[in-house]
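Open the model in your viewer and keep the sequence panel beside it. The stops below can be selected one after another.

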Amino acid sequence: MSNPEEAKVTTTPHVVKEEIIAGGKWIQLEKTTYVDPAGNVRMWETAKRTTRRTNTDADGVGIIALLKRTLHKDCVVMVKQFRPPMGCYTLEFPAGLIDEGETAEVAALRELKEETGYKGEVVGVTPVTCLDPGLSNCTTQIVLVNINGDEGENINPTQQLGDGEFVEVVLLPLEEFQQKIDDLLKKENIVVDAKVYIFAMGMVQAFFKPRELPVLKQ
């Protein structure tokens, strides 16, 4: 008598075809036909950027930039801006798309300078990571940057924003990162990027409870 477990047929899930339903300048909506692990053919609606460059698997970069200044607490450099899809302001890490021929490191330093005015030094880069895999194939690399706040051009940094960009720079002390974010949430109609809040929770855990999961106040 055969074992029911042995009778199960498994298939390597894979995409069969992708059809464009609607397209814009920056994104397009596709109908994705794929085969699931049981061998069933299924459909998925997928949003994709139209701007991914040929030299990279990442659409863009997110930048965790630490500002270090004499006689000041180390601060994480954040950006606050109105995001039309959310209909409100958001608190995010500086970020942007990777241009043709750029590495993640080069793109990060360029975007940091444009959005915040700060000049930094790259100290680390993550692998390519996904952002919202149930909705989109959008990917990013997180670039870690140190900023010497005592350098002349970093004392009074000047943003280099493009047309239609309105970005407010927000400096939050690293040791009080989550608390300062929670304070902002109480005062303003603002949504925090998930990457930012997870990083904040990690900082609390690293500083105060390295062997415990954080307990969130409701």
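**Stop 1: the open sheet**

Begin with the open sheet of 3 strands, ordered β1-β2-β3 with antiparallel pairing. Strands here are DSSP runs of E with at least two residues, helices are runs of H or I with at least four residues, and both are numbered from the N terminus. Two strands pair if DSSP finds at least two bridges between them. Select 14-23 for β1 and 41-49 for β3: these are the edge strands, and each pairs on one side only. On average, neighbouring strands of this sheet are turned by 25° against each other, direction ignored. That angle is taken between axes, which are lines fitted to C-alpha atoms (for helices over the stretch in contact), with angles running from 0 to 180 degrees between N-to-C directions.

A word on the model before going on. It is predicted, so local features need pLDDT of at least 70 and side-chain atom pairs count only at pLDDT 80 or more, while totals for chains, interfaces and linings use all residues. Residues are numbered from 1 along each chain as its sequence is written, and side-chain values use heavy atoms, with hydrogens and water left out.

Now add 27-35, which is strand β2; β1 and β2 run antiparallel and are joined by 8 bridges. Gly23 has Gln28 of β2 opposite.

**Stop 2: aromatic rings**

Rings of Phe, Tyr and Trp (its six-membered ring) pair if their centres lie within 6.5 Å; planes under 30 degrees apart count as stacked, over 60 as edge-to-face and the rest as tilted. The count by this rule is 4 aromatic pairs. Show the side chains of Tyr34 and Trp44: the ring centres are 6.2 Å apart and the planes stand at 75°, so this pair is edge-to-face. Tyr34 belongs to strand β2 and Trp44 to strand β3, and the two are 10 residues apart. Trp44 is partly exposed, at a relative accessible area of 40%. For this and later values, buried means under 20% relative accessible area, exposed over 50%, and partly exposed in between (1.4 Å probe, protein chains only).

Next select Phe93 and Phe199, another edge-to-face pair, with 5.8 Å centre to centre and 80° between the planes. Phe93 is in the loop between β6 (88-92) and β7 (95-97), whereas Phe199 is in helix α5 (residues 194-208), 106 residues apart. Phe93 counts as buried, at 5% relative accessibility. Add Phe177, and the ring pairs link Phe93, Phe177 and Phe199 into a cluster.

One charged group is worth a look: the charged end of Lys80 sits over the ring of Tyr89, 5.3 Å from the ring centre. The rule asks for NZ of Lys or CZ of Arg within 6 Å of the ring centre and within 35 degrees of the ring normal.

**Stop 3: strand β4 and its partners**

Select 60-68, strand β4, where 8 of the 9 residues are buried. How many bridges join β4 to β10? Strand β10 (residues 139-148) pairs with β4 in the parallel sense over 9 bridges. Gly62 has Ile142 as its bridge partner in β10. Gly62 also stands opposite Ala95 in β7; β4 and β7 run antiparallel and are joined by 3 bridges.

Strand β5 (residues 75-83) is antiparallel to β4, with 2 bridges between them. Leu67 has Cys75 as its bridge partner in β5. The hairpin of β4 and β5 has 6 residues between the strands, and Leu71 there takes a positive phi near 65°. Leu71 is exposed, with a relative accessible area of 85%.

**Stop 4: helix α4**

Move to helix α4 (residues 177-187) and pick Leu185. Leu185 counts as partly exposed at 35% relative accessibility. Neighbours within four places in sequence aside, Leu185 is in contact (heavy atoms within 4.5 Å) with Ile190 and Val192. A distance label from Leu185 to Val35, C-alpha to C-alpha, should read 42 Å; the two are 150 residues apart along the chain.

**Stop 5: the whole chain**

Zoom out to the full chain, which has 5 helices and 12 strands. Its C-alpha atoms fill a box of roughly 75 × 45 × 35 Å along the principal axes. Of its 218 residues, 35% count as buried. Among contacts between residues at least 6 apart in sequence, 56% join residues at least 24 apart.
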